[in-house]
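These are my notebook entries on a single structure. I set down each item as I looked it up.

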Amino acid sequence: MSWKDYEAKLERNLEDLHERVQRGAYRALPSRRVYIPKPDGRQRPLAVAALEDKIVQRAVVALLNAIYEEDFLGVSYGFRPGRGTHDALDALCVGIDSRKVSYILDADIRSFFDEINQQWLMRFLEHRIGDRRIIRLIQKWLKAGVMEDGVVTVSDRGTGQGSVISPLLANVYLHYALDLWAVRRWRQREATGDMIFVRYADDFIVGFQHERDACRFLDEMRERLGKFALTLHPEKTRLIEFGRFAAERRKRRGLGKPETFNFLGFTFICGKTRAGKFQIKRKTRADRMRAKLKMVQEEMRRRMHQPIPDHGKWLYYVVSGYFNYHAVPTNSEALVAFRTEIARRWWRALTRRSERTKINWKQMKQLIDTWLPPPRILHPWPDKRFAVSHPR
């Protein structure tokens with residue numbers, strides 16, 4: 001059923017849904033399996049819930065958010081009210097810059113949303129939620145299964161990435177499996193030096209002052225996650241030397257520049273200001289930019305014979321949306337490169353439309369200046385915004 005069809009008798013449908021939920025007659029339907037492309041070329045499986053399941057899940061999420069926001073730690077930023085990716089990026093920059101961080105653990109949990117142990121998840125929920133009706137609702141969604149090519153499969157693992165309630169369930173799982181252990185136990189009791197921890201959904205970065213702390217934490221974290229049916233990706237999890245003294249230390253040992261790491265679409269680099277002081281530089285990930293340009297070029301080819309103003313209006317929203325996320329301090333070169341590539345590919349698409357009408361560069365530059373927003377930094381420096389968000 002579509003939203004449009006459901007809206008035709010909205011009040012009656014919602015009253016009927018409410019009544020079924022209250023008396024326990026509500027039944028969850030299997031989610032529909034769809035795939036979306038990932039930046040690395042692979043496919044990400046998503047589970048699209050039925051319309052009424054989305055409505056009930058949204059109501060339960062609103063209820064549970066009010067409860068769990070009292071419990072979740074400040075180091076968690078993913079899918080929480082009033083928090084976003086740039087808050088996590090700011091926290092990471094400020095943590096590295098203000099603490100004695102010399103080593104970065106860039107960790108990746110393998111197939112997290114597909115590997116969540118549902119028995120552990122229900123135990124975590126029952127630890128905090130006393131209303132059995134809410135517990136039964138969540139169990140219905142977990143046991144409804146996923147339909148692909150007309151076949152429904154039910155698993156005792158995973159939460160169906162893409163559903164409305166999946167991000168909250170993931171946060172609950174990692175709150176108990178990782179956050180409390182890493183912050184309340186390890187950082188406060190085990191670490192011999194400074195330690196920072198920033199998590200956005202299943203993507204997290206841990207910073208350490210001492211290498212021995214980092215190695216011990218990594219070994220114990222593998223064991224800890226293993227108890228909850230989770231494993232670290234061996235190729236994507238790595239420990240690197242990073243921080244204000246990394247370049248000098250590596251130079252003394254005859255090594256090259258400090259390694260970089262990726263987090264939430266940016267590559268973090270050990271750099272310097274014009275005055276020679278240490279500065280964390282963030283640059284748009286090259287593979288993500290290439291994937292975005294490829295997507296734009298394919299859409300450009302599809303729109304090739306549309307009027308130029310329609311082209312320009314669409315590209316304006318594409319470039320503006322890209323800048324809204326990526327226009328952070330120290331990323332100016334990547335913004336200029338993205339806009340330049342968009343302009344070049346637009347010109348190529350327009351010149352191929354017809355043999356009769358050719359657009360010279362002077363005409364093209366007028367179109368670029370008219371429709372493509374200029375590259376400029378839109379976000380404040382991390383410490384400035386972080387100071388406002390976290391006054392303490």
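In which helix does Gln118 lie? I found Gln118 in helix H6, which covers residues 118–128. I note here that the model is a predicted one.

**Entry: Gln118 and its surroundings**

I next looked up the accessibility of Gln118. The relative accessibility is 9%, and Gln118 therefore counts as buried, the cut-off being under 20%. I then asked which backbone oxygens lie by the polar atoms of the Gln118 side chain. The backbone oxygen of Gly158 lies 3.0 Å from a polar atom of this side chain. For the backbone oxygen of Arg157, I recorded a distance of 3.4 Å to a polar side-chain atom of Gln118. I also listed the contacts of Gln118, setting aside neighbours within four places in sequence. The list holds Leu142, Ser155, Asp156, Arg157 and Gly158.

**Entry: a nonpolar surface patch**

I looked up which residues make the nonpolar surface patch of about 240 Å². They are Met147, Val152 and Val154. I traced Val152 to strand S5, residues 151–153. Its relative accessible area is 40%, and I entered Val152 as partly exposed.

**Entry: salt bridges**

How many salt bridges does a search of the whole structure find? The search returned 23. I followed up three of these pairs.

I began with Arg20 and Asp16, whose closest N and O atoms are 3.0 Å apart. Both residues belong to helix H2 (residues 10–23), where they stand four residues apart, about one turn of the helix. Arg20 is buried, with a relative accessible area of 17%, whereas Asp16 is partly exposed at 37%. I noted further that Asp16 and Arg20 are linked with Glu52 in a network of salt bridges.

I went on to Arg216 and Asp213, a salt bridge with the closest N and O atoms 3.1 Å apart. These two residues are three residues apart in helix H9 (residues 211–227), so about one helical turn separates them. Is Asp213 buried or exposed? I recorded a relative accessible area of 0%, and Asp213 is buried. Arg216 is partly exposed, with 30%.

I then turned to Asp287 and Arg285, whose side chains meet in a salt bridge at 2.7 Å, N to O. Here Arg285 is buried, with a relative accessible area of 17%, and Asp287 is partly exposed, with 26%.

**Entry: helix H14**

Which residues of helix H14 are buried? In this helix, residues 361–371, I found Met364, Leu367 and Ile368 to be buried. Viewed down the axis of H14, the buried residues fall within an arc of 100 degrees, and they therefore line one face of the helix. I then looked at the face turned away from the buried side of H14, which carries the exposed residues Lys362, Gln366 and Thr370.

I asked what covers the buried residues of H14. The cover includes helix H12 (308–326) and helix H13 (332–351). Finally, I examined the start of H14, where a side-chain oxygen of Asn360 comes to within 3.2 Å of the backbone nitrogen of Lys362. Lys362 is thus entered twice in my notes, at this polar pair and among the exposed residues on the face of H14 turned away from its buried side.

Notes:
Residues are numbered from 1 along each chain as its sequence is written. This is a predicted model: local features need pLDDT of at least 70, side-chain atom pairs count only at pLDDT 80 or more; totals for chains, interfaces and linings use all residues. Side-chain values use heavy atoms; hydrogens and water are left out. Buried means under 20% relative accessible area, exposed over 50%, partly exposed in between (1.4 Å probe, protein chains only). The arc is that of the directions from the helix axis to the C-beta atoms. Contact means heavy atoms within 4.5 Å. A polar contact is a pair of N or O atoms within 3.5 Å; within protein, one must be able to donate a hydrogen and the other to accept it, and residues adjacent in sequence count only if both atoms are side-chain atoms. Patches are made of residues with over 30% relative accessible area and no salt bridge: like charges are joined within 9 Å, nonpolar side chains (Val, Leu, Ile, Met, Phe, Trp, Tyr) within 5 Å. Accessible areas come from the Shrake-Rupley method with a 1.4 Å probe; for residues, only the protein chains shown count as cover. A salt bridge is a side-chain nitrogen of Lys or Arg within 4 Å of a carboxyl oxygen of Asp or Glu.
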